[in-house]
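Got the fold open on your screen? Let's take a walk through it, from a greasy spot on the outside to some charged pairs and a bit of strand architecture.

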Amino acid sequence: MNELLAHRQQQAQKALFEIHRVPLAHLPTPLEKMDRFGSLYGLSNLWIKRDDCTGLAMGGNKARKLEFLVADALDKKAEVLFTLGGVQSNHARMTAAAACRYGFDCHLWLLGDKPNGLPGNLLLDTMLGASVDFMPNMNDAELQKNIDDYLDSQRKQGKKPYYIPIGGGTGLGSMGYVAMIQELSQQLKEKNLEIKTIVTALGSGGTMAGLVLGCKLFMPQTRVLGISVSRTTGYFHNRILEVIREGEIVLGLDPIDYADDLFIYDQYVGECYGKPTPEGLEAINKLALSEGILIDPVYTGKAMAGLVDLAREGTIAADEPVLFIHTGGVPAIFAFEDLFHLK
Ligand SMILES: *Cc1c(COP(=O)(O)O)cnc(C)c1O
């Protein structure tokens with residue numbers, strides 16, 4: 001290993017250890033092999049990291065980020081966790097749970113129309129006591145202006161909101177996935193296994209930013225492929241570089257170049273965010289029937305469809321050790337009953 005890398009590793013390890021973090025996730029999450037699903041596609045070395053099993057109010061990737069974000073909210077003596085997401089946001093649900101656990105109120109903006117009843121995650125947001133406003137979809141600049149105005153008005157009323165950007169996709173939040181790479185490299189050592197390729201869904205990009213930063217530090221032979229479920233490759237390329245840079249600052253690292261470390265695919269989104277695709281649905285059904293593992297139509301189904309297609313077209317080799325990050329999202333399936341039919 002070269003000296004620069006060894007130095008960065010040491011620096012990052014020390015900084016990660018020192019950053020305030022509160023327990024929220026059940027860790028380590030299981031690392032499992034998927035022989036039956038893999039064999040459907042000729043993949044002989046396919047693994048899954050079960051971050052759907054992080055435990056926080058039905059689990060998912062946001063629990064890892066919230067360990068750092070909620071610690072920061074406690075340090076800042078905030079009283080209300082405020083965040084936003086889609087109507088079926090898993091991030092909103094887990095933020096509501098984290099708020100309960102650490103004595104915060106929780107306020108959510110859900111972008112989209114108010115549905116009938118309380119489908120999927122909305123039931124859980126409600127059970128967890130969050131107050132919810134439904135907001136019309138708007139562009140990024142308008143949304144940011146609304147957020148700023150809202151935070152201003154709250155502060156003027158003497159409230160102490162802590163704002164968590166969408167998906168918790170910030171430098172601090174991404175530390176959850178830098179730490180996950182440390183956890184993973186320990187698990188791989190125990191199994192005497194090397195992973196060549198990690199595949200994840202991209203929503204805010206925070207998870208991928210943490211994975212890329214973590215791999216560059218602790219698993220430099222491993223590449224990370226991100227499958228967009230919403231925006232374009234160009235958008236994510238810039239956004240993820242920004243979050244990585246924020247992450248480097250959190251860790252006290254000098255900036256280095258990551259331009260060759262980002263592999264981003266936006267051809268599996270389908271019509272738009274939140275709209276199921278036939279390929280995603282097929283991946284959901286095949287994974288359920290071959291492994292008994294549930295994934296969802298919004299994130300993990302599309303990401304798995306991407307993995308399978310990248311294997312078909314040769315970007316992923318048949319015998320290459322591949323790890324799919326199961327980022328969660330299972331509660332959302334209860335808002336998509338119409339996709340499934342009784343036998
Ligand atoms: C939020 C989310 C993602 C995307 O993670 P980001 O860090 O926001 O990119 C993927 N899968 C599920 C199930 C999620 O809830």
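Leu118, Leu123 and Met127 make up a nonpolar patch on the surface, together offering about 300 Å² of accessible area. A patch here takes residues with over 30% relative accessible area and no salt bridge, joining nonpolar side chains (Val, Leu, Ile, Met, Phe, Trp, Tyr) within 5 Å and like charges within 9 Å. The areas come from the Shrake-Rupley method with a 1.4 Å probe, and for residues only the protein chains shown count as cover.

Before going on, keep in mind that this is a predicted model: local features need pLDDT of at least 70, side-chain atom pairs count only at pLDDT 80 or more, and totals for chains, interfaces and linings use all residues. Residues are numbered from 1 along each chain as its sequence is written, and side-chain values use heavy atoms, with hydrogens and water left out.

Back to the patch. Leu123 sits in helix α5 (residues 121-127); helices are DSSP runs of H or I with at least four residues, strands are runs of E with at least two, and both are numbered from the N terminus. Leu123 is partly exposed, at a relative accessible area of 38% (buried means under 20%, exposed over 50%, partly exposed in between, with a 1.4 Å probe and protein chains only).

Helix α5 also belongs to a right-handed β-α-β unit, together with β4 and β5. Right-handed means that, with the strands pointing away from the viewer, the path from the first strand over the helix to the second runs clockwise. Strands β4 (residues 105-111) and β5 (residues 131-135) pair in the parallel sense over five bridges; pairing takes at least two DSSP bridges between two strands. Look for Leu108, whose bridge partner in β5 is Val132.

Now for the charges. The whole structure holds 20 salt bridges, each a side-chain nitrogen of Lys or Arg within 4 Å of a carboxyl oxygen of Asp or Glu. One of them joins Lys49 and Glu183 at 2.6 Å, N to O. That pair ties together distant parts of the chain, with Lys49 in strand β2 (residues 46-49) and Glu183 in helix α7 (residues 171-191), 134 residues apart. Are these two partners buried or exposed? Lys49 is buried at 0% relative accessible area, and Glu183 counts as buried at 14%. Both belong to a salt-bridge network with Asp51 and Arg64.

Compare Lys33 and Asp35, whose closest N and O atoms are 3.0 Å apart in their salt bridge. Lys33 is partly exposed at 33%, and Asp35 is partly exposed at 44%.
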